[in-house]
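Please walk me through this model in the viewer, one selection at a time. I would like to know what to pick and what is there.

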Amino acid sequence: MNNEEFVEQLKAWRHYLHMHPESAFEEKQTSEFIAERLTEMGLEVHKNIGGTGVVASLKVGDGGKVIGLRADMDCINMMECGDLEYRSQNEGRMHACGHDGHVTTLLGAAQLLCERKNFNGTVRFIFQPAEEPGKGAKAMIEDGLFESFPMDEIYGLHNAPFLPAGVIHTRTGGIMASEDNFTIRIKGKGSHASSPHMGIDPLVTASEIILALQTIASRNANPLDQAVVSCTEIHTDGAHNAIPSNVEILGDTRSCTNEVQELIEARMKAISENICKMNGARCEFIYTHEFAPTVNWEECVSAAVKAAQNVVGPDKVNGNCIPWMASEDFGTFLREIPGCFVFLGSGKHANASDNIMLHNSIYDYNDDVLAVGAEFFAELIRIGLPQ
Ligand SMILES: [Zn+2]
Ligand SMILES: [Zn+2]
């Protein structure tokens, strides 16, 4: 297959996937499509790992090292509003995050590696479900991913419409943020609005807590680390003329390292409980981990940078980019084994602000970077598993 035919095939695969988006843990048709393509390439395919996950391996030579390449398969539950010929056929489902492109890219890499066999060792192609809710990586790991398919390293990429098409950016350490959610329930004692001395006002306590939580980022976290604490909702059972008995504060936090994530949780709990105590209110503090931070391993970053430079040229590679404070389920894999996550620039327009951002209802993956991503993965394997 020549390069032109390869690019046309990638486009056709991507458009098929774009037309048939499926949400988290429901990627049945998608995983079937992936399994068919991998089988056509002569690979042995393992399905239903962590739900709808798919894994295939390719061993060349006698090398003992194993590298995993990962793509995510799920779409977003939203209505596609664009007028593409290959627009979503599934009502209320849309590939607005470009995971159709990620699947295609990894299938392309599999095809290149099956043809070239220019490495010595084993590569595993990992297609994970449910990236958007941050549940698919954990599901695959709990289903024995690393026991059934041991790996020394793992790599992944995300398309980045906020970067010019064809650039590759990464960094050592935190590249994408953790996401945790919290609920703080404050129980005071309701009273007539005219008589605050007869009650314990949980709303004033909540206000003190909301302001004090802002000192975590400004006074507790190292200024060189990223820490975001956002209170996003407040609910009371009060009325216009009644001081409430109960107030609930909800919100979301982000950080780029495991240490800052732990610091935020511990400080939030102490601040909330102690301000409540000071005011005579009761406190219930609930904190849930939604996404791990995506923390790149230094040795794998240098491999990714080298592969990227070989594919797109050194001037299009940034090995020390700024982190992006969105969250990515790939971080869960990086808690288990070394690896690296990169951003593949996919902006269609030269002017950055003209590009449509991920999760927009008219988002459409840039087909021009499909082969770039596939070549990047293939090059990573060539240099990571040298002959
Ligand atoms: Zn997304
Ligand atoms: Zn995504």
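Is Cys97 buried or exposed? In this predicted model, Cys97 has a relative accessibility of 7%; that is under the 20% limit, so Cys97 counts as buried.

Keep Cys97 selected and add the zinc ion (ligand 2). The protein donors of this ion are the SG of Cys97, the NE2 of His99 and the NE2 of His158, at 2.1 to 2.3 Å from the zinc. Along the chain these donors are spaced as C-x1-H-x58-H.

Now show the zinc ion (ligand 1) as well. The two zinc ions, ligand 1 and ligand 2, are 3.2 Å apart, and both are coordinated by Cys97.

Next, colour the chain by secondary structure. Cys97 sits in the loop between strand E3 (66-72) and helix H3 (99-116), while His158 belongs to strand E5 (residues 153-164), so the pair ties together parts that are 61 residues apart in sequence. His158 is buried too, at 3% relative accessible area.

From the metal site, move to helix H3 and select helix H1 (residues 3-19) with it. Their axes come within 9 Å and cross at roughly 145°. The crossing of H1 and H3 is right-handed.

To see the contact, show side chains on both helices. From H1, select Phe6, Gln9, Leu10, Trp13, Arg14, Leu17 and His18. From H3, select Asp100, Gly101, Val103, Thr104, Leu107, Gly108, Gln111 and Leu112. Colour these residues by type: the contact of H1 with H3 has seven nonpolar, six polar and two charged residues.

Definitions and conventions:
Residues are numbered from 1 along each chain as its sequence is written. Chains are lettered from A and ligands numbered from 1 in the order in which they are written. This is a predicted model: local features need pLDDT of at least 70, side-chain atom pairs count only at pLDDT 80 or more; totals for chains, interfaces and linings use all residues. Side-chain values use heavy atoms; hydrogens and water are left out. Donors are N, O and S atoms within 2.8 Å of the metal (3.2 Å for Na, K and Ca); water is not among the atoms, so sites may look incomplete. Helices (H or I, at least four residues) and strands (E, at least two) are DSSP runs, numbered from the N terminus. Buried means under 20% relative accessible area, exposed over 50%, partly exposed in between (1.4 Å probe, protein chains only). Axes are lines fitted to C-alpha atoms, for helices over the stretch in contact, and angles run from 0 to 180 degrees between N-to-C directions. A crossing is left-handed if the near helix is turned anticlockwise from the far one by less than a right angle, and right-handed if clockwise. Contact means heavy atoms within 4.5 Å. Ala, Val, Leu, Ile, Met, Phe, Trp, Tyr, Cys and Pro count as nonpolar, Asp, Glu, Lys and Arg as charged, and the others, Gly among them, as polar.
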